[in-house]
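User: Please take a close look at one part of this protein, the ligand site, and then relate it to the buried residues and the unusual backbone geometry elsewhere in the chain.

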Amino acid sequence: MEQRKKGLNTICTHTGQLEDKEFKGAVSPLYMGTSYAFDDVDVKRYPRYFNTPNQVGLAKKIAALEHAEAALIFGSGMAAISTTLMAFLQAGDHIVLQKTLYGGTYNLVTEEFVKYGISYSFTDGLQPSDFEDKIQENTKVIFIETPSNPLLTITDLNGVAKICKKYKLVSMIDNTFASPVNQNPIDFGIDIVIHSATKYMGGHSDILAGAVASTESYMKRIFNLAKNFGGSLSDYTVWLLERSMKTMGIRVRAQNENAERMAAYLDGHKQIARVYYPGLASHPDHQLAKAQMIGFGGMMSFELSSELDSAIFQRSLKLIKSSMSLAGVESTVLSPTLTSHALLSPEERKRQGIADGLIRFSVGIEESEDLIADIEQALKKAQIVKSVSAN
Ligand SMILES: *Cc1c(COP(=O)(O)O)cnc(C)c1O
């Protein structure tokens, strides 16, 4: 009999849970052990790195959420990204990466790869043909990130997957911004899905973790490198992450709804020059987002009109906090110009479409009326102060 496929919230709540045979508790027992007898475990997999009972349980949940055969949990998103990249690249190889990338990934590639003799190209645009244009004889991997940071541009998953099949390349995606609730890239032919679990999977701005999901054979290759590199997550944090992920479905769906409301409000506001949200019909990639995303996510960016001071606006927000991170249940904002993209030259920022007044908004689960009231009062302050200083 074919097993019925479970729905999102059922997977979030139950899949991979460890059974408490002794006390019949409702939650996974936490096994803090780093030392196990060889006759109790598969001796070929040293029972400490990436394969303790809690890690194996949570990996099953993440694999199920990403429609993958297997998964691994890492100590951070960057540990997941660096290990996965290095598992498929060696001296003499070349990789094509999307031009708009998470800063840490960009730094990893541009600062470290030269030491290993790995060359790289960034695309000029985000169309599938832009990726194909950069492929060389020695290209092995294409790496994408969609929706992108901070302008929420969308890369065509099917289009990139097809190119990778044509040239026999491994396709990888950083799926952090969408979360498995809103996007399952394996369904579109992408080989390997990577997450900073620090973001939507953790969801409460208190856990640093990463995850990778793919086929059994690719995950074996990643595991073989992972145990040499280290970067395993402590069991207590694994247990906390499992706890967080039980509510990921309801959290992220609430964030989707809130973000759609906030995008509509900001889009109709005369003091907001532009809103970047893939759920808006005016977003240039809206149709593509509709085709490959389940929900449009909780991330957006907006530009204040030129008569407002964005620094004062940010400082004046009371409920919405300034934060370098994202995806928590609490709403946060940051200025890409002052933070994530501060090291780029003003010309390069302009080329990428990142205006000085751009504000990235990670929408939480608060009531949208309260978020709107907070933004309204901050907009007023940002304007009054500006007009006084202009006198
Ligand atoms: C935060 C983030 C990372 C890095 O994750 P850490 O868990 O902080 O190491 C990678 N990619 C994206 C898109 C992120 O937002």
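Analyst: Phe 74 counts as buried, because its relative accessibility is 0%, and in this predicted model the residue belongs to strand 1, which runs over residues 70-74. Leaving out residues up to four places away in sequence, Phe 74 touches a list of partners that includes Phe 50, Ala 79, Ala 80 and Thr 83, and also Ala 209, Gly 210, Ala 211 and Val 212. Further along the chain, the residues that Phe 74 touches include Ile 222, Ala 226, Gly 231 and Leu 233. Leu 225 is 151 residues away from Phe 74 along the chain, and the C-alpha atoms of these two residues are separated by 12 Å.

Turning to the ligand, 15 residues surround it, and the closest are Gly 77, Asp 174, Ser 196, Thr 198 and Lys 199. Helix 3, made up of residues 77-87, supplies the largest share of this shell, with 3 residues. By character, the shell divides into 7 nonpolar, 5 polar and 3 charged residues. Three side chains can be described at the level of atom pairs: a nitrogen atom of the ligand lies 2.6 Å from an N or O atom in the side chain of Asp 174, an oxygen atom of the ligand lies 2.8 Å from an N or O atom in the side chain of Ser 196, and an oxygen atom of the ligand lies 2.7 Å from an N or O atom in the side chain of Lys 199. The ligand on its own has 380 Å² of accessible area, and the protein covers 92% of it.

As for the backbone, two cis peptide bonds deserve a careful look. One joins Thr 146 and Pro 147, with omega at about -5 degrees, and Pro 147 is placed in the loop between strand 4 (139-145) and helix 6 (157-166). Another runs from Asn 149 to Pro 150, where omega is near 0 degrees, and Pro 150 likewise lies in the loop between strand 4 and helix 6.

Both residues of that second bond, Asn 149 and Pro 150, are in contact with His 341, whose contacts beyond four places in sequence also take in Pro 336, Arg 349, Gln 352 and Ile 354. His 341 itself is found in the loop between strand 11 (332-334) and helix 13 (346-351), and this histidine counts as buried because its relative accessible area of 9% falls under the 20% cut-off.

Positive phi values in residues other than glycine are a further point of backbone geometry. Ser 179, although not a glycine, has a positive phi of about 70 degrees; this serine is in helix 7, which spans residues 179-182, and it counts as buried because its relative accessibility is 1%. Ala 327 is likewise a residue other than glycine with a positive phi, near 80 degrees, but its place is in the loop between strand 10 (321-322) and strand 11. Ala 327 also counts as buried, since its relative accessibility is 1%.

Key. Residues numbered from 1 in each chain as written. Heavy atoms only, no water. Helix = DSSP H or I, 4+ residues; strand = E, 2+ residues; numbered from the N terminus. Buried < 20%, exposed > 50% of the residue type's maximum accessible area, 1.4 Å probe, protein only. Contact = heavy atoms within 4.5 Å. Near = heavy atom within 4 Å. Polar contact = N/O pair within 3.5 Å; in protein donor to acceptor, adjacent residues only side chain to side chain. Areas by Shrake-Rupley, 256 points an atom, 1.4 Å probe, with all protein chains shown as cover. Nonpolar A, V, L, I, M, F, W, Y, C, P; charged D, E, K, R; others polar.
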